[in-house]
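The following exercises practise the reading of a protein model. Each consists of a task and a solution worked in steps.

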Amino acid sequence: MGLMPIRNDLPTLSNSEAVILSLYDLGADQVRIDTEDIAVLAAKIAPGQFQWRKYPEYIDLETVRLALKDAKSRRLVTGSMKNGWVLTPTALQWAKGNVGAGSKGKARVNRGNEKRRVF
């Protein structure tokens with residue numbers, strides 16, 4: 001259940017990584033975040049990964065829920081659909097190392113030259 005080594009050859013984010021970065025950007029190191037808020041930002045951070053297949057203009061909440069469930073099973077987030085979600089210290093540390101410069105509230109993923117991949 002430990003962290004995977006850094007990989008330079010994987011430019012896309014996994015669904016779990018996208019929800020972790022969404023949680024970070026939404027302030028989940030300090031407050032619980034609602035699943036729907038995570039879904040909206042995750043869809044922006046990882047375009048196309050959280051959309052319905054036939055109707056891509058819609059966010060697939062089930063895909064977001066499964067990514068959160070996966071992250072929870074790895075002890076990267078805690079929470080629930082009912083009570084909201086927060087980052088664990090491990091996920092918080094990873095997120096801080098995988099965002100570009102800037103303030104919280106903005107998706108700060110550097111996709112051009114990713115140097116880390118943990119999940």
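A residue is called buried when its relative accessible area is under 20%, exposed when that area is over 50%, and partly exposed in between. By this definition α1 is mostly covered, since ten of its eleven residues are buried. The model is a predicted one.

**Exercise 1. The elements of the chain**

Task: State how many helices and strands the chain has, and give their order.

Solution.
Step 1. The count gives four helices and two strands.
Step 2. Read from the N terminus, these elements follow the order α-α-α-β-β-α.
Step 3. For the chain overall, 41% of the 119 residues are buried. The chain exposes about 6900 Å², and carbon and sulfur atoms supply 52% of this area.
Step 4. Consider contacts between residues at least 6 apart in sequence: 64% of them join residues at least 24 apart.

**Exercise 2. The covering of α1**

Task: Identify the buried residues of α1 and what covers them.

Solution.
Step 1. The buried residues of α1 are Ser-16, Glu-17, Ala-18, Val-19, Ile-20, Leu-21, Ser-22, Leu-23, Tyr-24 and Asp-25.
Step 2. Their cover includes the helices α2, α3 and α4 and the strands β1 (77-80) and β2.
Step 3. After α1 comes Gly-27, which has a positive phi, near 90°.

**Exercise 3. The largest nonpolar core**

Task: Describe the largest nonpolar core and determine which elements each supply at least two of its residues.

Solution.
Step 1. This core has 29 residues, and those with the most contacts inside it are Val-19, Ile-20, Leu-23, Ile-38, Phe-50 and Leu-87.
Step 2. At least two core residues come from each of α1 (15-25), α2 (35-45), α3 (61-73), β2 (84-87) and α4 (89-97).
Step 3. The largest share, six residues, is that of α1.
Step 4. Take Ile-38 as an example. Apart from its neighbours within four places in sequence, Ile-38 is in contact with Val-19, Ser-22, Leu-23, Leu-26, Ile-33, Val-64, Leu-68 and Trp-85.

**Exercise 4. Two helix pairs**

Task: Determine how α1 is placed against α4, and how α2 is placed against α3.

Solution.
Step 1. The axes of α1 and α4 are 9 Å apart and the helices pack at an angle of about 85°. Angles of 65 to 115 degrees count as roughly perpendicular, so α1 is roughly perpendicular to α4.
Step 2. In this pair, Glu-17, Ile-20, Leu-21 and Tyr-24 of α1 meet Ala-91, Leu-92, Trp-94, Ala-95 and Lys-96 of α4. Sorted by class, the contact has seven nonpolar residues, no polar ones and two charged ones.
Step 3. For α2 and α3 the angle is about 105°, with the axes 10 Å apart. The helix α2 is therefore roughly perpendicular to α3.
Step 4. Here Thr-35, Glu-36, Ile-38 and Ala-39 in α2 meet Leu-61, Val-64 and Leu-68 in α3. This contact has five nonpolar residues, one polar residue and one charged residue.

**Exercise 5. Three single residues**

Task: Classify Leu-61, Trp-52 and Arg-75 as buried, partly exposed or exposed, and describe where each residue lies.

Solution.
Step 1. Leu-61 lies in helix α3. Its relative accessible area is 31%, so Leu-61 is partly exposed.
Step 2. Not counting residues up to four places away in sequence, Leu-61 touches Thr-35, Glu-36 and Ala-39. Leu-61 and Ala-39 are 22 residues apart in sequence, and their C-alpha atoms are 6.5 Å apart.
Step 3. Trp-52 lies in the loop between α2 and α3. Trp-52 counts as partly exposed because its relative accessibility is 41%.
Step 4. Leaving aside neighbours within four places in sequence, Trp-52 is in contact with Tyr-58, Ile-59 and Asp-60. Thr-63 is eleven residues from Trp-52 along the chain, and the two C-alpha atoms are separated by 9.1 Å.
Step 5. Arg-75 lies in the loop between α3 and β1. With a relative accessibility of 58%, Arg-75 counts as exposed.
Step 6. Finally, consider the backbone. Most residues other than glycine have a negative phi. Arg-75, a residue other than glycine, has a positive phi, near 60°.

Technical notes
Residues are numbered from 1 along each chain as its sequence is written. This is a predicted model: local features need pLDDT of at least 70, side-chain atom pairs count only at pLDDT 80 or more; totals for chains, interfaces and linings use all residues. Side-chain values use heavy atoms; hydrogens and water are left out. A nonpolar core is a set of buried Ala, Val, Leu, Ile, Met, Phe, Trp, Tyr and Cys residues joined through side-chain atoms within 4.5 Å. Buried means under 20% relative accessible area, exposed over 50%, partly exposed in between (1.4 Å probe, protein chains only). Contact means heavy atoms within 4.5 Å. Axes are lines fitted to C-alpha atoms, for helices over the stretch in contact, and angles run from 0 to 180 degrees between N-to-C directions. Angles under 35 degrees count as roughly parallel, over 145 as roughly antiparallel, 65 to 115 as roughly perpendicular and the rest as oblique. Ala, Val, Leu, Ile, Met, Phe, Trp, Tyr, Cys and Pro count as nonpolar, Asp, Glu, Lys and Arg as charged, and the others, Gly among them, as polar. Accessible areas come from the Shrake-Rupley method with a 1.4 Å probe; for residues, only the protein chains shown count as cover.
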